[in-house]
Amino acid sequence: MTLYLLKHFAIALATLVLASMVVFAVLEILPGDPARLMLGMNASADQVELLRNQMGLNAPLGLRYLHWAGGLLSLDFGRSYTYSVPVIDLVRERLAVSLPLALIALALSTIIAIPVGLFSASRRGRAGDTVAMGAAQLGVAVPNFWFALMLIYVFAVWLRLVPAGGFPGWSAGVWPALKSLLLPAIALALPQAAILARVTRSALIEVLNEDYIRTARAKGLPYRAVLWRHALRNAMIPVLTILGLQFAFLLAGTIIIENVFYLPGLGRLVFQAITQRDLIVVESVIMLLVAAVIAVNLLVDLSYAVVDPRLRGRQ
């Protein structure tokens, strides 16, 4: 088990270092001078050069990378060119929106998808299976921003149960903050639940055809017990893989939903920083999201060994 852990930690660390190099290099070769964009086209060459020196843009590329990467290790992400505040403060403020939103959406998608997948797999080929998978196919096909608009119309405009957008902040109270995140979380969760339900169904159908399932049934175990105790656990590896990918998507890929609901999250911050060429913000937030994705994937890899102990022996 120790070798299994060390191997996966080493892979995660190497991936993180390589990702930091790629992110830094890609953003550095993008066209446009950040100093020129910030000062405007009417700024003089001396003013632009002075700002470039202040921003450290004239330093050698390798030195700038080492300075930036060293700052990341000490959680010193630098100072935003646009907002004139430490990037860590911006990230902390926006993460207070994006992280709860991603966790709520992930919880909702799991709560919806696992029972639907179980129901559909246990009724394979019947009317219930057809209806459930038809609904899942519709959920995969329809984009989440359409769900968002429909939810706003029904629950915010028509029924007036929740706000249509904005975020009051956690200082306004837990319930008002959660109410403002509820609709975007549902809009994010529905397509992800559809994908997860289809994966759960496929994994369960494959497991239900195994010999040990037939043996358990032959011993007289109730079908419900076989489904929950034996089949579901052995079908969890592909389900966990999808859950890990979904969390990464929900944390990093919510730009459209955050703009629809006007939420001050990480996705919206990255979008604004890209349009303003605030490179230090873009680099820092992207690396934070990359680190989160790598950490989640590492946890998923480690959970494989918990779900299926045979993997530890193979490693």
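Biologist: Which residues touch the most other members in the largest nonpolar core?

Modeller: This is a predicted model, and in it Trp68, Leu204, Ala231, Phe261, Leu263, Val281 and Val285 hold that place among the 77 residues of the core. Helix 8 supplies the largest share of this core, with 15 residues.

Biologist: Let's zoom in on one of them. What is Leu263 in contact with, leaving aside its neighbours within four places in sequence?

Modeller: Leu263 meets Val97, Leu101, Gly166, Phe167, Ser180, Leu181, Pro184, Glu258 and Arg268.

Biologist: On to empty space. How do I read the second largest pocket, and which residues lie nearest its centre?

Modeller: Rolling a probe the size of a water molecule over the atoms shows where empty space is left. Here, the second largest pocket holds about 370 Å³ of space. Its lining has 17 residues, with Leu16, Ala69, Leu72, Leu73 and Met287 nearest the centre. Helix 1 (2-28), helix 4 (61-73), helix 5 (87-122) and helix 14 (279-307) each give two or more residues to that lining. By type, the lining splits into 15 nonpolar and 2 polar residues, with no charged ones.

Biologist: And Leu240, is that buried or exposed?

Modeller: Leu240 sits in helix 11 (residues 236-252). Its relative accessibility is 15%, so Leu240 counts as buried, the cut-off being under 20%.

Biologist: Which elements have the lowest and the highest mean pLDDT?

Modeller: Where pLDDT is low, the predicted coordinates should not be read in detail. In this chain, helix 15 (residues 310-314) has the lowest mean, 54, and helix 8 (residues 174-208) the highest, 91. The chain as a whole has a mean pLDDT of 83, and 92% of its residues reach 70 or more.

Methods: Residues are numbered from 1 along each chain as its sequence is written. This is a predicted model: local features need pLDDT of at least 70, side-chain atom pairs count only at pLDDT 80 or more; totals for chains, interfaces and linings use all residues. Side-chain values use heavy atoms; hydrogens and water are left out. pLDDT is the predictor's confidence in each residue, from 0 to 100. Helices (H or I, at least four residues) and strands (E, at least two) are DSSP runs, numbered from the N terminus. On a 1 Å grid over the protein atoms alone, a cavity is a set of points where a 1.4 Å probe fits but cannot get out, and a pocket is an open set with protein on both sides within 12 Å along at least five of seven lines; lining residues have an atom within 4 Å of a point. Grid points are joined across faces, edges and corners, and a volume is the space filled by probe spheres set on the points. Ala, Val, Leu, Ile, Met, Phe, Trp, Tyr, Cys and Pro count as nonpolar, Asp, Glu, Lys and Arg as charged, and the others, Gly among them, as polar. Buried means under 20% relative accessible area, exposed over 50%, partly exposed in between (1.4 Å probe, protein chains only). A nonpolar core is a set of buried Ala, Val, Leu, Ile, Met, Phe, Trp, Tyr and Cys residues joined through side-chain atoms within 4.5 Å. Contact means heavy atoms within 4.5 Å.
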